[in-house]
Structures are given as C-alpha cells and as structure tokens.
Amino acid sequence: MNNNNKREKTTINQNDSALIQCAELILPYLHPVDLASTSSTCKTLNKISNSITLRRSSDASRSLEKFPIPFINSIDNQSYSYFIYTGNQILSAAVQPRQPWGYDPDTRPDLINPGHCYDPFLFRVEGAKGCECERGCDRSSRCPCLDNVEFGAWECGPGCQCGSDCGNRVSQSGILVKLKIVKDRRTGWGLYAGEFIPKGQFICEYAGELLVTKEAQSRQQIYDQLASSGQLSPALLVVKEHLPSRDVCMRINVDATRVGNVARFINHSCDGGNLDTIILRSSGSVLPRICFFSSRDVQNNEELKFSYGDIRLKKQGLPCFCGSSCCFGVLPSENT
Ligand SMILES: C[S@@+](CC[C@H](N)C(=O)[O-])C[C@H]1O[C@@H](n2cnc3c(N)ncnc32)[C@H](O)[C@@H]1O
C-alpha cells in the first residue's frame with residue numbers, strides 16, 4: 001500500500017468513527033419512522049439503528065422502572081410501540097417533545113437509567129397536615145391516614161412526617177412487578193404478568209397527560225375517528241366519582257396516548273378482568289391518582305385487563321375480543 005492509500009484509509013476510519021459517535025448520540029432521539037429512513041442510508045447507520053431498535057424493544061420503560069418491560073411480538077414485524085414515557089401524571093406543557101430511547105449503556109451510561117425518580121404528586125397543598133408517625137405506618141402505629149376510609153383509598157403523602165419507605169405508600173415507587181407487553185392479532189399490544197402476582201398487589205398508576213375536560217372531549221372526538229379507521233389505539237381514560245345521588249362529584253382525564261406508562265397497553269375485558277381500578281388520595285396532595293391493583297392472584301404469562309366501562313352508546317362500536325363468557329361483542333363507548 002502506498003502512502004496516499006494509507007492516508008485515505010486513515011481518513012475514512014476517522015470519518016467512520018466520528019459518524020458512529022454522532023449517530024450514537026442523535027439516533028436514540030428519533031421517531032421510529034425517521035430511524036428507519038436513517039438506517040437505509042448506509043451500512044454503519046443501519047447497524048446502529050438496528051441495535052437501537054433492539055434496545056427499545058427490550059424495555060418500554062426506557063430504564064425508568066425497576067425491571068425492564070419488554071415488547072414481545074410473534075404476529076408481525078413491529079418491534080415496539082412508540083410513546084414518551086412518564087411514570088406519573090404530567091401537565092401537557094411539561095412534556096418533553098423528544099426523549100432519548102435506546103442508548104448503548106456501555107458508551108453512554110450517564111444517559112441510561114436516569115434513576116427510579118418518581119414524584120407522584122403534581123400539586124401539593126401548602127401546609128397540609130398528614131400523619132406524624134416516626135416509623136413505618138400501619139394499623140399498630142395508629143396512623144390516621146389508614147383511618148381515612150370514608151374518603152376511599154388513602155396513602156401517606158407529602159403532608160406526612162413518615163419517609164418514603166413507609167408501608168402506606170405502596171403506589172409511590174413505580175412498578176415493582178415483572179411485566180411484559182405482548183402483541184395479539186385482534187386486540188393489539190396488551191400488558192401481561194411476567195411472574196406470579198398475588199391478589200392485592202400494586203401493579204401501576206395510569207400515568208399520562210392530565211387534561212381539563214374540554215381538552216379531553218376534543219381529543220376524544222379525534223381519537224374516535226382515527227380508531228374507527230384502525231389508525232390509532234387511543235388511551236384516554238376518564239374516571240368519574242359519583243355522590244350517592246348519582247351526580248358526578250369528581251372527574252379525572254388522563255391521556256396516555258402520546259405520553260404515558262405501560263398502563264396504556266392494558267386491554268378491556270367485559271367481565272372486569274383481573275385488575276381493580278382504585279382512586280388513591282394522599283395527605284398533602286391536591287389530585288387523586290388512578291392506580292391498578294390485582295383483584296385476584298394472577299399467573300405468570302396471564303394478560304392483565306380491566307373493564308373500560310359499562311356504557312355502550314355506539315351499537316356499531318369497535319368489536320370486543322376479550323374472550324370472556326359475558327362478552328358484549330362491542331367495546332364500551334360513551335360521550336365524554
Ligand atoms: C388503551 S388501548 C390498549 C392497548 C392497545 N391494544 C394497543 O395496541 O396499543 C385501547 C385500544 O386497544 C384495543 N382493545 C382493547 N381491549 C380490546 C378488546 N377487548 N377487544 C378488542 N380490542 C381491544 C382497542 O383498539 C382499543 O381502542
């Protein structure tokens with residue numbers, strides 16, 4: 001090899017390594033469509049894109065939960081479903097438009113596992129008084145938070161003296177059970193148990209954008225249109241609390257379609273499935289949170305499901321494939 005050839009090869013190698021470094025930094029920010037088109041430009045980018053896709057499909061939670069939550073698909077070639085991850089309720093204005101996903105943990109350990117950093121309380125009540133327990137709260141400590149039964153489910157919160165390891169804060173440290181997201185030909189992606197889960201276990205919060213009702217209603221209209229033509233699987237959950245008179249006294253709208261956690265993959269079952277939907281309040285927190293707990297023992301590989309509601313306004317609504325013996329044949333639908 002003459003000197004000119006040698007110099008040319010060294011320059012190409014240097015260019016290559018600069019390209020790899022740049023690509024490793026930028027590609028994890030790309031939407032799957034852009035990632036796919038970038039990958040078709042050259043062999044190096046193709047290789048990097050493929051490894052990013054592999055890492056994305058190995059953990060939907062982007063390392064934000066204790067255990068990775070993999071996507072498993074033996075139906076078609078979609079490796080994962082793209083959305084921005086949040087473990088809590090979030091205001092639309094606070095959503096990051098781009099969130100890295102799929103970094104190589106060996107080259108950028110600083111950008112992986114930003115921590116299991118949960119702050120479940122979006123709005124706090126200044127000066128609110130919760131319990132004054134010094135050790136873990138339970139019935140024997142006579143924790144007053146455990147006696148707030150007339151207000152439904154109640155956990156210790158930002159107004160309490162007890163620490164984050166208190167036994168009455170089970171829903172405040174993210175997802176602590178092994179889960180996976182599996183694709184089904186008829187119901188799409190669904191959330192499954194990745195291990196045996198005993199009855200009464202906290203599974204996850206329904207995390208996503210917290211919306212005012214007007215915004216929720218206008219998004220719902222758009223989502224309904226897109227869903228009826230099969231272009232979108234919307235994940236806008238509306239939960240209402242009623243007075244004994246049946247009048248609505250509280251309404252929460254959480255949209256996990258664009259931003260959310262793995263609760264956005266939980267499918268409907270007409271028999272109520274194996275999850276209880278609990279509205280959880282905490283001392284010192286303004287807003288209740290919507291949380292799922294197992295309503296019975298759940299076996300490894302069993303799908304986690306809950307009922308989306310009892311009202312079916314649209315007779316020609318989306319078909320239901322829950323497979324339960326009491327299936328109505330149509331998914332719940334109501335005017336939100
Ligand atoms: C909150 S998403 C659940 C995750 C969704 N399967 C996905 O692939 O992203 C709600 C959508 O899932 C589908 N789905 C949920 N439960 C279903 C069921 N029992 N039968 C048919 N489709 C269902 C419908 O398309 C519905 O609009």
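Let me start at a single residue, Pro 158, which is found in the loop between β4, residues 153-155, and β5. Please keep in mind throughout that what we are looking at is a predicted model.

Is Pro 158 buried, exposed, or partly exposed? It has 16 C-beta neighbours inside 10 Å, and because a residue needs 20 or more to be buried and 12 or fewer to be exposed, Pro 158 counts as partly exposed. If we set aside residues up to four places away in sequence, Pro 158 touches Phe 121, Arg 124, Gly 284 and Ser 285. As for Thr 44, which is 114 residues apart from Pro 158 along the chain, the two C-alpha atoms are separated by 49 Å.

That brings me to the division of the chain, which has a domain 1, covering 1-58, and a domain 2, covering 70-336. The centres of these two domains, taken over C-alpha atoms, are separated by 37 Å. Where they meet, 12 residues of domain 1 are in contact with 12 residues of domain 2. On the domain 1 side of that contact, helix α3, residues 43-58, gives the most, with 7 residues, and by class this side has 4 nonpolar, 5 polar and 3 charged residues.

Turning now to annotation, an unreviewed UniProt entry carries "domain: SET" over residues 177-309. In the model, the chain over residues 177-309 is 12% helix and 44% strand, with its end C-alpha atoms 26 Å apart. The UniProt annotation "domain: Post-SET", again from an unreviewed entry, covers residues 316-332, and there the chain is 0% helix and 0% strand, while the end C-alpha atoms are 11 Å apart.

Let me take the strands next. There is an open sheet of 3 strands in the order β1-β5-β6, with mixed pairing. Because β1, residues 71-72, and β6 stand at the edges, each with a single partner strand, one side of each is left without a neighbour in the sheet. The pairing of β1 with β5 is in the parallel sense and runs over 2 bridges, with Ile 72 standing opposite Val 182 in β5.

In another pair, strand β9, residues 236-242, and strand β10, residues 248-260, run in the antiparallel sense over 7 bridges, and here Val 239 stands opposite Ile 252 in β10. β9 and β10 form a hairpin with 5 residues between them, and in the turn Arg 246 has a positive phi of about 80°.

Which residues, then, have the most contacts inside the largest nonpolar core? That core has 42 residues, and the ones in question are Leu 179, Leu 191, Val 262, Ala 263 and Leu 304. Several strands feed this core with at least two residues each, including β5 (179-184), β6 (188-193), β9, β10 and β12 (275-282). To look at one member more carefully, Leu 191, leaving aside its neighbours within four places in sequence, is in contact with Leu 179, Ile 181, Val 262, Phe 265, Ile 266 and Leu 304. Apart from this core lies another, of 10 residues, among them Cys 145, Cys 160, Cys 162 and Cys 166. As general background, nonpolar side chains in soluble globular proteins tend to be buried together.

How values were computed
Residues numbered from 1 in each chain as written. Predicted model: local features only at pLDDT ≥ 70, side-chain atom pairs only at ≥ 80, totals over all residues. UniProt positions renumbered as here; feature names shortened; annotations may be inferred. Helix = DSSP H or I, 4+ residues; strand = E, 2+ residues; numbered from the N terminus. Pairing = 2+ DSSP bridges. Core = buried A, V, L, I, M, F, W, Y, C linked by C-beta atoms within 7 Å. Contact = placed C-beta atoms within 7 Å. Domains from an automatic or database assignment. Nonpolar A, V, L, I, M, F, W, Y, C, P; charged D, E, K, R; others polar.
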